[in-house]
Amino acid sequence: MITIKDVFEDYKQLKKVYEDNEIEAITLLTISEITQLSKASIKAFPEREISNQQAEQLKNILTQLLTGRPIQYILGITEFFGLPFKVNPSVLIPRPETEELVEWILSSVDESQKLKAKSSKQFTGNMLDIGTGSGCIAISLKKNLSNALVSAIDISESALQTAKKNAILNEVDVNFIHTDILNYHPAPHSTLPAPQYHIIVSNPPYVTLTDKAQMHSNVTDFEPHSALFVPEHDPLIFYRVIAQFAQSNLQPGGLLFFEINESYGQETVELLQHTGFINMELRKDMSGRDRMIKAVIR
Ligand SMILES: C[S@@+](CC[C@H](N)C(=O)[O-])C[C@H]1O[C@@H](n2cnc3c(N)ncnc32)[C@H](O)[C@@H]1O
């Protein structure tokens with residue numbers, strides 16, 4: 001019979017792909033998903049036996065992990081902002097730094113007098129998430145601001161399909177729209193709703209070829225390139241276009257939030273300054289890297 005301890009031993013083969021602390025976290029998560037045991041119980045009872053079928057499933061997952069395939073894609077599910085999200089190779093795996101961005105938006109809604117809401121729960125404004133992917137930002141916002149009207153766009157039909165499933169999974173209503181923001185031209189019969197947003201947020205593609213060389217192959221080989229990469233000669237293309245879009249689609253005093261490439265913090269601030277934004281705030285993530293910006297439209 002195979003025990004939990006045996007699985008941990010077997011998963012040590014992942015040293016070829018991951019650091020020790022990552023192996024521990026991946027092994028725990030995988031055993032928990034397959035056996036439905038809590039992580040605490042797995043740790044407390046390493047001698048517990050698992051069934052042959054579970055042992056087979058865990059072996060199969062290990063084989064996939066050894067190719068570098070991220071555990072979130074193998075399991076088809078991940079957690080973001082305390083909520084479950086289906087993921088597959090058509091969407092970026094939501095990152096912890098993006099949770100910090102959502103947290104910042106929610107606390108700004110709480111603080112802002114301009115948004116005229118007594119509490120975040122009563123906030124009834126319009127919000128737009130550009131490049132929604134799995135829908136993680138839009139869905140987390142809607143879950144926490146139940147009266148807000150939340151729209152989300154993406155160029156990828158398959159990403160939008162996943163985002164729609166995630167909205168159903170989390171029991172929220174988000175207006176998903178298929179649009180290429182780089183070629184967006186407002187038209188009389190545009191599918192985008194009324195253009196007066198209180199908040200626009202985007203975590204757009206921002207990885208350059210130079211960054212790519214330094215990235216782990218389990219990101220570059222498995223995650224969607226259309227979600228990640230920008231031309232080396234124009235790394236801020238999405239920020240420029242989205243800032244211009246936001247300038248004409250935000251209400252006066254409305255807020256724009258960006259997740260950014262840590263190497264372009266100052267350039268992104270200057271770009272926003274030139275596009276008519278004020279009160280730019282550049283924030284570091286929990287690992288101390290410039291990662292997000294908040295700006296106010298005049
Ligand atoms: C970095 S991912 C962010 C996904 C998700 N918002 C998150 O934070 O995990 C960027 C997203 O932008 C989308 N995208 C790329 N080019 C786009 C375009 N021209 N117009 C609209 N969305 C685009 C990609 O499909 C991808 O889902």
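Where in the chain's secondary structure does N166 have its place? Select N166 and you will find yourself in helix 8, residues 157-169. Keep in mind on this tour that the model is predicted.

**First stop: N166**

Is N166 buried or exposed? Count the C-beta neighbours inside 10 Å and you reach 26, so N166 counts as buried; the cut-off is 20 or more. Now add F85, K86, S134, G135 and I139 to your selection: these are the contacts of N166 once its neighbours within four places in sequence are left aside. Try a distance label between the C-alpha atoms of N166 and G135, which should read 6.9 Å even though their positions lie 31 residues apart along the chain.

**Second stop: the whole chain**

Zoom out and colour by secondary structure. You should see 13 helices and 11 strands. The radius of gyration is 21 Å, close to the 19 Å that the globule rule gives for 298 residues, so the chain is as compact as a globular protein of that length. Turn the C-alpha trace along its principal axes and its spans come to about 65 × 45 × 35 Å. Buried residues make up 36% of the 298. If you draw the contacts between residues at least 6 apart in sequence, 64% of them join residues at least 24 apart.

**Third stop: helix 6**

Select residues 96-111, the 16 residues of helix 6. From first C-alpha to last, helix 6 reaches 23 Å, close to the 22 Å expected at 1.5 Å a residue. Next, show the side chains of T98, L101, V102, I105 and V109, which are buried. Look down the axis: the buried residues of helix 6 fall within an arc of 100°, so they line one face of the helix. What do these buried residues pack against? Their partners are helix 7 (136-144), strand 8, strand 9 and strand 11. Then rotate to the face turned away from the buried side, where the exposed residues P96, S107 and E111 sit.

**Last stop: helix 12**

Move on to residues 237-249. At 1.5 Å a residue, the 13 residues of helix 12 should span 18 Å, and the end C-alpha atoms are indeed 18 Å apart. Highlight F238, Y239, I242, A243, F245, A246 and N249, the buried residues of helix 12. They cover an arc of only 165° around the axis, which puts them on the same side of helix 12. To see what they pack against, show strand 5 (126-130), strand 8 (197-202), strand 9 (250-259), helix 13 (265-274), strand 10 (277-284) and strand 11 (290-297).

How values were computed
Residues numbered from 1 in each chain as written. Predicted model: local features only at pLDDT ≥ 70, side-chain atom pairs only at ≥ 80, totals over all residues. Helix = DSSP H or I, 4+ residues; strand = E, 2+ residues; numbered from the N terminus. Expected span 1.5 Å × (residues − 1). Buried ≥ 20, exposed ≤ 12 C-beta atoms within 10 Å, placed from the backbone. Arc of directions from axis to C-beta. Contact = placed C-beta atoms within 7 Å. Rg over C-alpha atoms; globule rule 2.2 N^0.38 Å.
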